[in-house]
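Dear colleague,

Please find the structure below, handed over for your own work. My findings follow after it.

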Amino acid sequence: MKELRDRLEAMACSLGADFFGVADLGPVREEILRQGGEQVASYPLAITFGIRLFDDIVDRLPDRLYDRTVSVNYLNQCYDTVNSRLDVTASRLAGLLQAAGHRALPLPSSERYDSERLCAQLSHKLAARQAGLGWIGKSCLLVTPEAGPRVRWNSVLTDARLEPTGRPIEDRCGSCTECVDMCPQNAFTGRSFIEAEPREARYDARKCERYFESLDAARGRTACGLCLYACPFGRRDRGKSQGEGGF
Ligand code: SF4
Ligand code: SF4
């Protein structure tokens with residue numbers, strides 16, 4: 001199965017993925033079941049992959065209300081285009097798995113199947129955490145040691161017996177609250193991620209949603225992403241040592 005894992009990774013990288021992992025979903029099955037239901041929870045593994053966002057665009061997010069080009073560039077190149085690339089990658093990886101005789105469910109990179117709970121079928125961030133690619137920060141984003149939260153993710157669920165690439169790594173948020181403090185809607189409670197706790201203990205998705213609706217009504221489709229911008233991990237102006245050392 002190592003050969004299949006290597007082929008999947010090579011394909012993901014050739015399609016532009018900057019991060020690749022295989023996640024054991026067993027330890028978080030209950031959470032996956034709660035969010036996505038029986039079908040999603042029936043897969044023991046996820047292939048997880050991510051594309052790094054462009055710092056030159058993310059670094060300008062604080063100006064998004066004053067300079068229209070910031071939102072236009074972010075929404076096009078750090079959201080729509082990256083999501084399309086992730087969807088194509090999911091389709092290609094699932095095709096490879098199926099051709100090798102395994103079940104494979106490619107998921108959309110960005111979708112909301114439950115308009116009440118404002119969530120997707122699977123948390124791609126949770127899958128990436130299970131693969132050892134980062135930790136879930138107080139922003140509910142997956143924070144990688146290399147690029148902080150400046151990564152978008154997607155997953156393919158499978159029953160192929162692949163070796164996981166890692167295990168969840170230690171939370172390095174420490175006493176930092178930069179994402180919590182910067183959110184214009186106070187959507188975060190400041191609590192650290194705990195597997196057993198629902199997302200609502202850390203994040204009020206409705207506050208974020210309402211903010212986007214009000215921005216869209218007032219000025220057309222507008223970016224926020226300040227929680228992603230604020231994180232010292234991945235920020236060029238904070239220096240590499242902070243990103244590596246934690247707080
Ligand atoms: S996108 Fe903006 S409003 Fe939504 S949680 Fe992040 S900082 Fe808050
Ligand atoms: S900004 Fe600070 S608290 Fe928020 S995710 Fe990043 S390291 Fe964690």
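**Helix α5 and the core**

The buried residues of helix α5 are V70, S71, Y74, C78, V82, L86, T89, A90, L93, A94 and L97. Please bear in mind throughout that this is a predicted model. The elements that cover these buried positions of α5 include α1 (2–14), β2 (45–52), α4 (55–58), β3 (104–106) and β6 (151–158).

The helix itself runs over residues 68–99, 32 residues in total. From its first C-alpha to its last, α5 reaches 45 Å, close to the 46 Å expected at 1.5 Å a residue. There is nevertheless a bend of about 30° in α5, located at V82, and V82 is also one of the buried residues of this helix. After α5 comes G101, which has a positive phi, near 95°.

The largest nonpolar core of the model contains 65 residues. Within this core, the residues with the most contacts are L45, A46, L93 and V156. Helix α5 supplies nine residues to the core, the largest share. As for L45, its contacts beyond four places in sequence are V22, A23, D24, L25, T158, A160 and L162.

**The two ligands**

Around ligand 1 stand C183, P184, Q185, A187, C208, Y211, C224, G225, L226 and C227. Two elements, α8 (205–219) and α9 (226–230), each give two or more residues to this shell. In terms of class, the shell of ligand 1 comprises eight nonpolar residues and two polar ones, with no charged residue.

Ligand 2 is surrounded by 13 residues, of which the closest are G137, C173, C176, C179 and C231. Its shell consists of eight nonpolar, three polar and two charged residues.

Helix α8, which contributes to the shell of ligand 1, has 15 residues. Its end C-alpha atoms lie 21 Å apart, and this agrees with the span of 21 Å that follows from 1.5 Å a residue. The helix is followed by G220, where phi is positive, near 85°.

**Two backbone positions to note**

Most residues other than glycine have a negative phi. Which residues other than glycine have a positive phi here? Two examples are C140, at about 70°, and N186, near 50°.

C140 is located in the loop between β4 (135–136) and β5 (142–143). Is C140 buried or exposed? C140 counts as partly exposed, because 19 C-beta neighbours lie inside 10 Å, whereas 20 or more would make a residue buried. Leaving out residues up to four places away in sequence, C140 touches R199, R202 and Y203. Between C140 and T69 there are 27 Å in space, C-alpha to C-alpha, and the two are 71 residues apart in sequence.

N186 belongs to the loop between α7 (178–182) and α8. This residue is exposed, since 11 other C-beta atoms lie within 10 Å of its own, and the limit for an exposed residue is 12 or fewer. In sequence, N186 falls between Q185 and A187, both of which are among the residues that surround ligand 1.

With kind regards

Methods. Residues are numbered from 1 along each chain as its sequence is written. Chains are lettered from A and ligands numbered from 1 in the order in which they are written. This is a predicted model: local features need pLDDT of at least 70, side-chain atom pairs count only at pLDDT 80 or more; totals for chains, interfaces and linings use all residues. A residue is near a molecule or strand if its C-beta atom, placed from the backbone, lies within 6 Å of it. Helices (H or I, at least four residues) and strands (E, at least two) are DSSP runs, numbered from the N terminus. Ala, Val, Leu, Ile, Met, Phe, Trp, Tyr, Cys and Pro count as nonpolar, Asp, Glu, Lys and Arg as charged, and the others, Gly among them, as polar. The expected span of a helix is 1.5 Å times one less than its number of residues. The bend at a residue is the angle between axes fitted to the seven residues ending there and the seven starting there. Two residues are in contact if their C-beta atoms, placed from the backbone, lie within 7 Å. A nonpolar core is a set of buried Ala, Val, Leu, Ile, Met, Phe, Trp, Tyr and Cys residues joined through C-beta atoms within 7 Å.
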